Structure formats: C-alpha cells, structure tokens
Amino acid sequence: MDSLVTERLLLTRPRMADSAPLLAYREANRAHLEPWEPQRNDRFYTMQAVEERLRQMARQAEENSAVYWLLRFPHSAQVVGECSFTNIVRGPFQACHLGFSLDSRHTGQGLMHEALVAAIADILDVHGLHRIMANYQPRNSGSEKLLRRLGFEREGLARKYLKIGGEWADHVLTSFINPRDGETPYA
Ligand SMILES: CC(C)(COP(=O)(O)OP(=O)(O)OC[C@H]1O[C@@H](n2cnc3c(N)ncnc32)[C@H](O)[C@@H]1OP(=O)(O)O)[C@@H](O)C(=O)NCCC(=O)NCCS
C-alpha cells in the first residue's frame, strides 16, 4: 500500500518531494535521535545527503528489500516521524528489522504505537512476513515499553551489537511473530 491512515496520522511512502520536510525533521531532532542511532556527520544534515537517502529508500523498495514510511498529521507537509522495515529476507526466514523515531515535540502521546499498529499489519498481512525483529539499547525505556505494548517478545541480549555514536553498544533483541503464520501465500 502507498499510504496508511490511522486515527491521528497519515503514513506515506517516502518520495523525492519529501526531501525538504525530511531534512527539517532530521535537523530539529538531531540531539533527540543521536543517542540511539549510528554516528552522523554534518553532511548527513544536508539536502544532498537526504536526497541520496531517499533514492536509496526507493531502490530498496523497488527490490522489495525494505518498506519505509514517513509519519505526518493529516493536511500537514511536516514530517513528524519515520518507521522502516529493512533487511527483508524471504526464503525460509521471511523476516525483517523494524526501526522507528518520532519528533521529540510529539512523544508521550501514543503516536508511534498508533503508527506501528498500522505499519505492522501492512508488513504482515500485505507483504506476508513471518517475523519482525526490533532491537534497542537496555537504557532505551521508551522503545522497551513501546515494543512490549505492541507484543514483541524479548529473546536475549546481544553484546556490542550496533555501533551507536561511535561505540559498540549492547542491544536487547526482540521479535514479533505473525499470529497468522502459515496462512500466507509466501509460506
Ligand atoms: C521511542 C519513541 C519512538 C516512542 O514514541 P512515543 O510516540 O512516545 O511512543 P508510544 O506510542 O509508545 O507512546 C507511549 C507514551 O505515550 C503516552 N500516551 C498518551 N496518550 C496515549 C494514547 N492515547 N495511547 C497510548 N499511549 C499514550 C503513554 O503513557 C506513554 O508515555 P510514557 O512514555 O511517559 O510512559 C520516541 O521516544 C523516539 O523517537 N525515541 C528516540 C528514537 C528511538 O529511540 N528509536 C528507536 C531506537 S531502537
């Protein structure tokens, strides 16, 4: 699907026309997102880099290796969040990795939960995946609560799992398994 509508949000597939609002979102949330993401250099916060990222997203979507969503309030051009299902692997695995972030001015209102309920239904029901993996740093209590409330189950702790802010950081591993496993045409 090209867009998803929830009670308060509109989710759309990123397009080149989204470069300016996506850059504005990234600039406004630089300090908010830095503790949880790979180290970004100053170039990451330029229009050229955002356009490259959008082209990469379009390529991955075309190859069916990722599904990206931008979050907005209806009738607003401003981007208020992102979520992504990347590293889509088919065959006997049928799995992907979930990533998400929300504008710091809109956290604490249940918005990411609302967006992910719709985006997860799409990736399971429309794309037919079996497992969604989501990993967070042990001190990321916002992500921990969100994933638990969505039904993700803790599977373990991976030491020095991702390089965040230039340091290898431990991550809690969680997964959500398609409750209708076995009924999809991809099985
Ligand atoms: C993690 C993150 C996406 C959570 O966004 P969020 O929208 O606040 O998350 P939720 O949808 O789960 O909202 C839960 C909060 O909204 C509150 N809330 C208010 N109204 C609500 C409603 N109608 N429904 C549900 N929750 C509601 C809850 O009480 C909860 O508040 P609390 O955090 O004080 O306990 C956001 O904090 C973020 O972008 N963090 C930085 C990036 C990041 O960590 N990314 C993930 C890396 S693994």
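Student: How do you know that a polar side-chain atom of H32 is in polar contact with an oxygen atom of the ligand?

Tutor: The two atoms lie 3.4 Å apart, and a polar contact is a pair of N or O atoms within 3.5 Å, so this pair counts. Keep in mind that this is a predicted model, where local features need pLDDT of at least 70, side-chain atom pairs count only at pLDDT 80 or more, and totals for chains, interfaces and linings use all residues. Residues are numbered from 1 along each chain as its sequence is written, and side-chain values use heavy atoms, with hydrogens and water left out.

Student: What makes H113 and K145 polar contacts of the ligand?

Tutor: A polar backbone atom of H113 is 2.8 Å from a ligand oxygen. For K145, an N or O atom in the side chain is 2.7 Å from an oxygen atom of the ligand.

Student: How much of the ligand does the protein bury?

Tutor: Taken alone, the ligand exposes 960 Å², and the protein buries 67% of that. Such areas come from the Shrake-Rupley method with a 1.4 Å probe.

Student: Which residues around the ligand are the closest?

Tutor: They are F100, L102, G108, H113 and K145, out of 20 that surround the ligand; to be near, a residue needs a heavy atom within 4 Å. By class, the shell has eight nonpolar, ten polar and two charged residues.

Student: Which helix gives the most to that shell?

Tutor: Helix 5, with four residues. Helices here are DSSP runs (H or I, at least four residues), and strands are E runs of at least two.

Student: Why are strand 7 and strand 8 called paired?

Tutor: Two strands pair if DSSP finds at least two bridges between them, and eight bridges join these antiparallel strands, so they qualify. In one of those bridges, L157 has V172 in strand 8 as its partner. K163 is likewise bridged to W168 in strand 8.

Student: What lies between strand 7 and strand 8 in their hairpin?

Tutor: Two residues, and G165 in the turn has a positive phi of about 55 degrees.

Definitions and conventions:
Polar contact = N/O pair within 3.5 Å; in protein donor to acceptor, adjacent residues only side chain to side chain. Nonpolar A, V, L, I, M, F, W, Y, C, P; charged D, E, K, R; others polar.
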